[in-house]
Amino acid sequence: MNSASVGSSSATTLQAAPPRTDSSSTGSSPHQGPPVRLQLCLVSHTNAGKTTLARTLLLRDVGEVRDAAHVTETADAHTLLTSPDGDELTLWDTPGFGDSVRLAKRLGQAGNPVGWFLSEVWDRMRDRPFYLSQRALLAARDHADVVLYLVNASEDPQDAGYVVPEMQLLQWLGKPVVVLLNQMGPPAPAHAEQADVRKWSRALRSSTVVRAVLPMDAFARCWVHEGVLFESLVDLAPADKREGARRLVSTWEARNTDRFETSMRALADLLAVAARDKEPIADTSTPFKKH
């Protein structure tokens, strides 16, 4: 697994690993474009469930999960999917946003020496959570092709005071954003799920960077939800990466179709065994006697 980690002790900007271009190892055919590295950056308010969702999408344990603010302290890149042609889909798990209003103001000062000093010296030494929030934004700015913004769907967007300033932060990034609705509760009928989608879509309709609002609960989601997310990436990816994005989506579809068919065969085998199962029962009945 290709992995990168951005801690707090060194660089102020993040360096992305170059995409792999060895066509002999990828099997790219002449009519296809070169392999691409499509990067997704997962961001949210602190303690919204980013790392839990990252584990769900990656199908493995990454990071640390507990019910506390600012658990994730570094921006970490994880390989989510690779295609036979060498394309790579990377997911960045980042520190959560804390004081979003102050964060937006600090980023507005980034272009002057005082702002640099406050961010790189003062905040790093005196306000660790706030410094980590700035790292999250820089990770998204420097790496993301598409930003995944996770929200708590159990909240009313009008009551979530962090949403407006965080929309300003995402606007500052200037990257296409897909809003993912987490914490949707137990599986619900489709009309209830769509009601949540419409509610958040209306609340965020003024944003020019939000391109889609999708359900993606870390626990209650169906793998079909992931398919909808990945299909949306084809249109949202930079033009020079869309062909690779299509190959990645095809790879994901093939992998999950094979997993589904394997699961159905396993269930069918168990049902067939259960249907054929029999157990001999000894005849212990007492013969009827005439008196």
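How many of the eight residues of strand 3 are buried? Select residues 75-82 to find out; the model on screen is a predicted one.

**Stop 1: strand 3 and its partner**

Strand 3 is mostly covered, with seven of its eight residues buried. Now add residues 88-93, which make up strand 4; the two strands pair in the antiparallel sense over six bridges. To see one position across this pairing, pick His 78 and look for Leu 91 of strand 4, which stands opposite. Between the two strands are five residues, and together the strands form a hairpin. In its turn, select Gly 86, where phi is positive, at about 95 degrees.

**Stop 2: salt bridges**

The structure holds seven salt bridges. Three of the pairs follow.

Select Asp 145 and Lys 241, whose closest N and O atoms are 3.0 Å apart in a salt bridge. This pair links distant parts of the chain, with the two positions 96 residues apart in numbering: Asp 145 is in the loop between helix 5 (128-143) and strand 5 (146-152), and Lys 241 is in the loop between helix 8 and helix 9. Both Asp 145 and Lys 241 are buried.

Next, go to helix 7, residues 190-203, and show Lys 199 and Asp 196, which lie three residues apart, about one turn of the helix. Their side chains meet in a salt bridge at 3.7 Å, N to O. Asp 196 is buried, because its relative accessible area is 18% and the cut-off for buried is under 20%. Lys 199, with a relative accessible area of 24%, is partly exposed.

Then move to helix 9 and select Glu 243 and Arg 247, which are four residues apart, about one turn of the helix. The closest N and O atoms of this salt bridge are 3.5 Å apart. Glu 243 counts as partly exposed at 36% relative accessibility, whereas Arg 247 counts as buried at 9%. Add Asp 87 to the selection: salt bridges that share partners join Asp 87, Glu 243 and Arg 247 into one network.

**Stop 3: a nonpolar patch**

Switch to a surface view and select Trp 223, Val 224, Val 228, Phe 260, Met 264, Leu 267 and Leu 270. These residues form a nonpolar patch on the surface, with about 630 Å² of accessible area together. Helix 8 (223-236) and helix 9 (242-276) are the elements that give two or more residues to the patch. Helix 9 gives the most, with four residues. Finish on Leu 267, which is found in helix 9 and is partly exposed, with a relative accessible area of 46%.

Terms used:
Residues numbered from 1 in each chain as written. Predicted model: local features only at pLDDT ≥ 70, side-chain atom pairs only at ≥ 80, totals over all residues. Heavy atoms only, no water. Patch = residues over 30% accessible without salt bridge, like charges linked within 9 Å, V, L, I, M, F, W, Y side chains within 5 Å. Areas by Shrake-Rupley, 256 points an atom, 1.4 Å probe, with all protein chains shown as cover. Salt bridge = Lys/Arg side-chain N within 4 Å of Asp/Glu carboxyl O. Buried < 20%, exposed > 50% of the residue type's maximum accessible area, 1.4 Å probe, protein only. Pairing = 2+ DSSP bridges.
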